[in-house]
Amino acid sequence: MTTTGLSKYRGLVQSLNPKIVLIEEAAETLEGFVSVACFKSLEHLILVGDHQQLRGHCNDQELAGKPYYLGISMFERLVRNKVDFSQLKRQRRMIPEIRRALKPIYEELEDHPSVLDRLPIPGMGGVNSYFFTHKGRETTDIQMSKVNHEEAGMVVGFFDYLVLNGMNPGEITVLTFYNGQRKLIMRKLREHRHLQGKCFNVVTVDSYQGEENEVVLLSLVRSNARGNIGFLEVENRVCVALSRARRGSYIFGDAPNLCKSSMLWWHVIQAMAKDPCRIGFYLHLTCKKHDEKTFIKEPGEFDALDGGCAKPCREEMSCGHICTLNCHPFSHDVVSCKKCCDPSQLFGSPQLQVHFAYEGRPYSGISHDTQPYRDFAAGGHVESDKNLVALAEREAAEARGKQLDEENFAALFSDPGDATLVDSSKKMTLIRTMSNGKGGSRGVWKGTYKPPRPKNAGPEASLLDL
Ligand SMILES: [Zn+2]
Ligand SMILES: [Zn+2]
Ligand SMILES: [Zn+2]
């Protein structure tokens, strides 16, 4: 039961005369709630928790600190006062590369064998943890929360890269210390041309204790000339933020700024800089196909990639056209050919029916999973509608052109008009300006005219031999 439930039904629980009570997440449980569990019959109180992670929330801020310290749990108080406790030293959550960043917090932590053979993050060439450091300055949003636009752009670009490489968006959590940044990243992800219609986990550190995910992208936000790092100074929060990932942990922040203001961050960054060095001003990506490294410094650089390196793909697709994307990790089965969707090339071709049968409209770009993927990229339905209008206009223009041609040919038979007759006698070249039906010219026709032969002299003469 919950601690609130215990407080509410204390009399009922007391009637059972419990001898043992076990409280989980005891470091987050305020002392008042624990004292409710101290029944007269109690012989053994077991508290399970981690005093280095988030503390409980004391509603009255004045009582949370000096001299009352009601914000500190009984668990933390007893540990700090060196009451005997036993500590688990073997972790089963994260790969060793991620665990080493926690060394300054959990010095004696060991790895369970089950974490040693986890799959690497696709498209990263074995770089399963990284601290991308930058100089993009923080700003304040209208609700006075901190935001960092450059960092948000990097996180979103990298999120897209991982999804193009086959990660499910549900396997990636974006963690941040500021609600303003959480909202900004969520908005950018929703607006991203490749990611529309997907679900995202973008959460603040405080709401993510006890949770975990395959990949965690941590956005630290703070970067200023004053060296002020706000919430990032709170060690319990840092501990939670760094310990949520199972297979991939990528941190985005201003490392020198953090080192200046916090010893804990200085130690974390030192641990990540050891061999293999996992910190730098460039995010290292490795394409699956060519094993080629791409170094990303600015968010816009992700736009030039289609999930691989910057080399053009140029492979032949099943329709026979050459792929116009850059190197990509997904198969051509999910790429819709732009040429096949161009109405001028499709007109009258069986490919037209194929592409129209797919969701009833032509589309362009890549499709991903079972839905057209970059359909949205090119403006989605707007683009499709434009293609349909262009197709209809072209059809009408061709029909009108055909009609005009027939009229012009008829005029050639009846009256040479302004046609110039070159040569004479048996064979003539006809040059005539063709009307566009609006009093203007739509081009010049050139044809060969042979005078009609006398009857029974042979087959009918043809007027034009174009
Ligand atoms: Zn490549
Ligand atoms: Zn291709
Ligand atoms: Zn094609």
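Where is Pro67 placed in this predicted model? Pro67 sits in the loop that runs between helix H4 (61–64) and helix H5 (74–80). The legends below start with the whole chain and then move in on this proline and other spots.

**Figure 1. Overview of the protein chain, with its 15 helices and 19 strands.** Welcome to the whole predicted model before the close-ups. Of the 466 residues in the protein chain, 45% count as buried. Its accessible surface comes to about 25,400 Å², and carbon and sulfur atoms account for 52% of that area. Counting contacts with a separation of 6 or more, 63% link residues 24 or more positions apart.

**Figure 2. Two cis peptide bonds, each leading into a proline.** The bond from Lys66 to Pro67 is cis, with omega near -5°. This is the loop between H4 and H5 that opened our tour. The bond from Asp275 to Pro276 is likewise cis, with omega near 0°. Pro276 is found in the loop between helix H11 (263–273) and strand S12 (279–280). For context, most peptide bonds are trans.

**Figure 3. Asn17 and Met144, two loop residues with positive phi.** Asn17 is not a glycine, yet its phi is about 50°. Look for Asn17 in the loop between helix H2 (10–14) and strand S1 (20–23). Asn17 counts as partly exposed because its relative accessibility is 47%. In Met144, also a residue other than glycine, phi is near 65°. Met144 belongs to the loop between strand S6 (139–140) and strand S7 (146–147). With a relative accessibility of 65%, Met144 counts as exposed. As a reminder, most residues other than glycine have a negative phi.

**Figure 4. A nonpolar patch on the surface, formed by Met1, Tyr9 and Leu12.** Together these three residues offer about 390 Å² of accessible area. Leu12 is placed in helix H2. Its relative accessibility of 60% is over the 50% cut-off, so Leu12 counts as exposed.

**Figure 5. The largest nonpolar core, a set of 36 residues.** The members that touch the most others are Phe131, Leu218, Leu220 and Trp265. Two or more residues of this core come from each of strand S10 (213–219), helix H9 (235–242), strand S11 (245–253), helix H10 (255–261) and helix H11. A second, separate core has 34 residues, among them Val155, Phe158, Leu184 and Leu217. In soluble globular proteins, nonpolar side chains tend to be buried together.

**Figure 6. Trp265 and its contacts.** Leaving aside residues up to four places away in sequence, Trp265 touches Phe131, Leu220, Ile229, Leu232, Val238, Leu242 and Leu258. Phe131 and Leu220 join Trp265 among the residues that touch the most other members of the largest nonpolar core.

**Figure 7. Helix H9, a mostly covered element.** Seven of the eight residues in H9 are buried. They are Asn236, Arg237, Val238, Cys239, Val240, Ala241 and Leu242. The buried residues pack against helix H6 (96–99), strand S8 (172–176), S10, S11 and H11. Val238 and Leu242 of H9 are also contacts of Trp265.

**Figure 8. Cys239 and Cys309, two buried cysteines.** Cys239 is buried because its relative accessible area, 0%, is under 20%. Cys309 has a relative accessibility of 2% and so counts as buried too. The structure holds zero disulfides.

Definitions and conventions:
Residues are numbered from 1 along each chain as its sequence is written. Chains are lettered from A and ligands numbered from 1 in the order in which they are written. This is a predicted model: local features need pLDDT of at least 70, side-chain atom pairs count only at pLDDT 80 or more; totals for chains, interfaces and linings use all residues. Side-chain values use heavy atoms; hydrogens and water are left out. Patches are made of residues with over 30% relative accessible area and no salt bridge: like charges are joined within 9 Å, nonpolar side chains (Val, Leu, Ile, Met, Phe, Trp, Tyr) within 5 Å. Accessible areas come from the Shrake-Rupley method with a 1.4 Å probe; for residues, only the protein chains shown count as cover. A salt bridge is a side-chain nitrogen of Lys or Arg within 4 Å of a carboxyl oxygen of Asp or Glu. Helices (H or I, at least four residues) and strands (E, at least two) are DSSP runs, numbered from the N terminus. Buried means under 20% relative accessible area, exposed over 50%, partly exposed in between (1.4 Å probe, protein chains only). Contact means heavy atoms within 4.5 Å. A disulfide is a pair of cysteine sulfur atoms within 2.5 Å. A nonpolar core is a set of buried Ala, Val, Leu, Ile, Met, Phe, Trp, Tyr and Cys residues joined through side-chain atoms within 4.5 Å.
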